[in-house]
Amino acid sequence: MKLALALLASAALANAHFTMQYIWVNGADEGLNNYIRVPPNNNPVTDVTSTDLTCNVNGLSGTGVSTISIAAGTNITFEWHQHAERTGEDAISSGHKGPVLVYIAKAPSTAASFNGQGSVWTKIYQSGLLDPSTQEWATDVVNANNGKHSVVIPSSLPAGEYLLRAEIIALHVASTYPGAQFYIGCAQVKITGGGSASPPTIALPGAYKSTDPGITINIYNNLQSYTPPGGAVWSG
């Protein structure tokens, strides 16, 4: 039965992919695909060793992408959709169960010229399995909120230009590798104000392994706990 459920999920969700399409700054909608490194399609990344894991396909350069100025401590909301429409369908398919994560990386110079390679990423948010009794996931909350989730930029981050990386990992076919689907969106921001913190960093790709229990996992087996990949959240 569990195998049958997994196969049905795979078949039903084969085309239910999605992308990050909007950012909101302190509640203000910044418009479709503005300040975002837009991938060529809505397909997921499935190889944790690929540089596509950084900022999605063709995401190593921000040439032609504007960078938005925000203050340290700003509330940023990310908004995802299957297609370039906000109505008429679920923002993300309800069957795409999994965690939501947000990372940030300081650029050596400009965000537009930064490829995000090396140990430069700091995790500033994560949410995973919220209720084992109902199997409610962070993705369910995103979908109920019309594709949105938010994070507060730590006020202690130094001023400068950054890549802000939001990620949703869909685990509906993750019982073998490759199976987990990584949906990634990167926005370019310039932080003003801030402090002098030196947060811990990881590499993406590099930190995720195919054997991570948060990546290769059967979520149809009465799962009681879940640990997202990428280590702990830095709170600032």
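Is R86 buried, partly exposed or exposed? In this predicted model, R86 is partly exposed, as its relative accessible area is 36%. The charged end of R86 sits over the ring of Y22, at 3.6 Å from the ring centre. R86 also takes part in a salt bridge with D29, in which the closest N and O atoms are 2.9 Å apart. D29 belongs to strand β2 (residues 28–29), whereas R86 belongs to the loop between β4 (75–81) and β5 (100–106), so this salt bridge ties together parts that are 57 residues apart in sequence. D29 counts as partly exposed, with a relative accessibility of 33%. The contacts of R86 with D29 extend to an acidic residue, E79: D29, E79 and R86 are linked in a network of salt bridges.

Strand β2, which contains D29, is part of an open sheet. Four strands make up this sheet, in the order β2-β1-β4-β9, and their pairing is antiparallel. The edges are occupied by β2 and β9 (148–152); each has a single partner strand, so one side of each is left without a neighbour in the sheet. Strand β1 (residues 19–25) and β2 run antiparallel and are joined by two bridges. Opposite D29 in β2 stands W24.

The search of the whole structure for salt bridges returned four. Besides the bridge between D29 and R86, one of them joins the side chains of K97 and D140, with an N to O distance of 2.7 Å. This pair links distant parts of the chain: K97 is in the loop between β4 and β5, D140 is in helix α3 (residues 138–144), and the two are 43 residues apart. K97 counts as partly exposed, at 23% relative accessibility. Another salt bridge is formed by E167 and R165, whose closest N and O atoms are 3.1 Å apart. Both partners of this bridge are placed in the interior class: E167 counts as buried at 0% relative accessibility, and R165 is buried with a relative accessible area of 0%.

R165 is also one of the residues touched by T54, which lies in helix α2. T54 is buried, its relative accessible area being 0%. When residues up to four places away in sequence are not counted, T54 touches L60, N115, G116, Q117, W121, R165, I184, C186, L204 and P205. Among these contacts, C186 is a partner in a disulfide.

The structure holds one disulfide. It is formed by C55 and C186, with the sulfur atoms 2.1 Å apart. The torsion about the S-S bond of C55 and C186 is about -80°, so the disulfide is left-handed. C55 lies in helix α2 (residues 52–55) and C186 in strand β11, so the pair ties together parts that are 131 residues apart in sequence. C55 and C186 are both buried.

Aromatic side chains were examined next. Four aromatic pairs are present in the structure. One of them consists of W137 and Y226, which are edge-to-face, with 5.1 Å centre to centre and 70° between the planes. The pair links distant parts of the chain, with W137 in strand β8 (residues 136–137) and Y226 in the segment after β12 (202–203), 89 residues apart. W137 counts as buried at 1% relative accessibility, and Y226 counts as buried at 12%.

F182 and Y208 form a further pair, with ring centres 6.0 Å apart and planes at 35°, so the pair is tilted. This pair, too, links distant parts of the chain: F182 is in strand β11 (residues 181–192) and Y208 is in the segment after β12, 26 residues apart. F182 is buried, with a relative accessible area of 0%. Y208 is likewise buried, with a relative accessible area of 2%. In addition, F18, W80 and Y183 form one aromatic cluster.

Terms used. Residues numbered from 1 in each chain as written. Predicted model: local features only at pLDDT ≥ 70, side-chain atom pairs only at ≥ 80, totals over all residues. Heavy atoms only, no water. Phe/Tyr/Trp six-rings, centres within 6.5 Å; stacked < 30°, edge-to-face > 60°. Buried < 20%, exposed > 50% of the residue type's maximum accessible area, 1.4 Å probe, protein only. Lys NZ or Arg CZ within 6 Å of the ring centre and 35° of its normal. Disulfide = S-S within 2.5 Å. Contact = heavy atoms within 4.5 Å. Pairing = 2+ DSSP bridges.
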